[in-house]
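Visitor: I would like to learn how to read a model like this one, feature by feature. Could you walk me through it?

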Amino acid sequence: MTVAQRRGRRIMMTPEELDSFLAEQRTCRVATVSADGHPHVSALWYAWDGTSLWLYSLTRSRRWAELSADPRISVLVDDGEEYGELRGAELSGRAVPVGEAPRTGEPCPELDAVERLFAAKNFGLDAMPHDGRHAWLRLTPDAVASWDFRKLGGV
């Protein structure tokens, strides 16, 4: 169940706007929490399938280690340079590993569509290249907050 946005409803994206925005953007910022409670933020490319955000992460990264210990995650996708252009979304929930880790390309029907989507969006390829160093994390958000300052009409 996704938690409804309570604040900023005037500038929040509609479901269709949010879906389009997440599909067109490439980079997100991933926030995790270390064992001692310190936050860690890193940038990643992602794919959005209309329901879940898919992250292709190095398995030997700090991010992977922190999510293995504590799967809570917050992801920010944003865009815009000038104040009146700013828009974005924060998605929060739990990261779930999908497929083998690291990913070597073993058959995994759950990854077929997302790997085609990610390869086309980020590499301009028809099939996903596997390097044996990355693996998939799926975030199906529990909460989403979005904003689009363009709705303010130049204020």
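**Reading the strands and their surroundings**

Guide: Let's begin with a pair of strands. Strand β2 (residues 39-48) and β3 are antiparallel and are joined by three bridges. Please keep in mind that this is a predicted model.

Visitor: Which residue in β3 does W48 stand opposite?

Guide: W48 faces L53 there.

Visitor: What do β2 and β3 form, and how many residues lie between them?

Guide: The two make a hairpin, with four residues between them. In the turn, look at the backbone angles: G50 has a positive phi of about 100°.

Visitor: Is strand β3 mostly covered or mostly open?

Guide: For burial, look at the relative accessible area, where buried means under 20%. Strand β3, residues 53-58, is mostly covered, with five of its six residues buried.

Visitor: Which strand besides β2 does β3 pair with?

Guide: Strand β6 (residues 134-139) is antiparallel to β3, and the pairing runs over six bridges. To find your place in that pairing, use W54, which stands opposite R138 in β6.

Visitor: What should I know about side chains when I follow a strand?

Guide: The general idea is that side chains in a regular strand alternate between the two faces of the sheet.

Visitor: How do I follow the pairing from β6 onwards?

Guide: Go to β5, which pairs with β6 in the antiparallel sense over four bridges. V98 stands opposite W136 in β6. β5 also has six bridges to strand β7 (residues 143-148), again antiparallel. In that pairing, E90 is opposite A145 in β7.

Visitor: How many bridges are there between strand β4 and β5?

Guide: Eight bridges, with strand β4 (residues 72-79) running antiparallel to β5. Two positions help you line them up. V77 has A89 as its bridge partner in β5, and V75 stands opposite L91 in β5.

Visitor: And which strand is paired with β4 through three bridges?

Guide: That is β1, also in the antiparallel sense. R29 has L76 as its bridge partner in β4.

Visitor: How do these pieces fit into the whole chain?

Guide: List the elements in sequence order. The chain has three helices and seven strands, and their order is α-β-β-β-α-β-β-α-β-β. Then ask how far apart in sequence the contacting residues are. Among contacts with a separation of 6 or more, 68% are between residues 24 or more positions apart.

Visitor: Why does the radius of gyration agree with a compact globule?

Guide: The idea is to compare the chain's value with what its length would give. A compact globule of 155 residues would have a radius of gyration near 15 Å, and this chain has 16 Å, so the two agree. Along the principal axes, the C-alpha trace spans about 50 × 40 × 30 Å.

Visitor: What can I read from the surface and the charges?

Guide: Start with the burial count: 41% of the 155 residues are buried. The chain exposes about 8,800 Å², and carbon and sulfur atoms supply 53% of that area. For the charges, compare mean positions: those of the 19 positive and 23 negative charges are 4 Å apart.

Visitor: How would I read a single residue, such as V33?

Guide: Find its element before anything else. V33 is in strand β1, residues 27-33. Next comes accessibility: partly exposed lies between 20% and 50%, and V33 is partly exposed because its relative accessible area is 27%. Then check the neighbours. Leaving out residues up to four places away in sequence, V33 touches H38 and E66. As a distance example, V33 and W147 are 114 residues apart in sequence and 25 Å apart in space, C-alpha to C-alpha.

Visitor: Where is T14 placed?

Guide: T14 is in the segment before α1 (15-24). With a relative accessible area of 32%, T14 is partly exposed. T14 and E100 are 86 residues apart in sequence, and their C-alpha atoms are 35 Å apart.

Visitor: Which two residues does a cis peptide bond join?

Guide: The angle to read is omega. It is about 0° for the cis bond between A101 and P102. P102 lies in the loop between β5 (87-98) and α3 (109-123).

Note on methods:
Residues numbered from 1 in each chain as written. Predicted model: local features only at pLDDT ≥ 70, side-chain atom pairs only at ≥ 80, totals over all residues. Heavy atoms only, no water. Rg over C-alpha atoms; globule rule 2.2 N^0.38 Å. Buried < 20%, exposed > 50% of the residue type's maximum accessible area, 1.4 Å probe, protein only. Contact = heavy atoms within 4.5 Å. Areas by Shrake-Rupley, 256 points an atom, 1.4 Å probe, with all protein chains shown as cover. Lys, Arg positive; Asp, Glu negative; His and termini not counted. Charge placed at Lys NZ, Arg CZ, Asp CG, Glu CD. Pairing = 2+ DSSP bridges.
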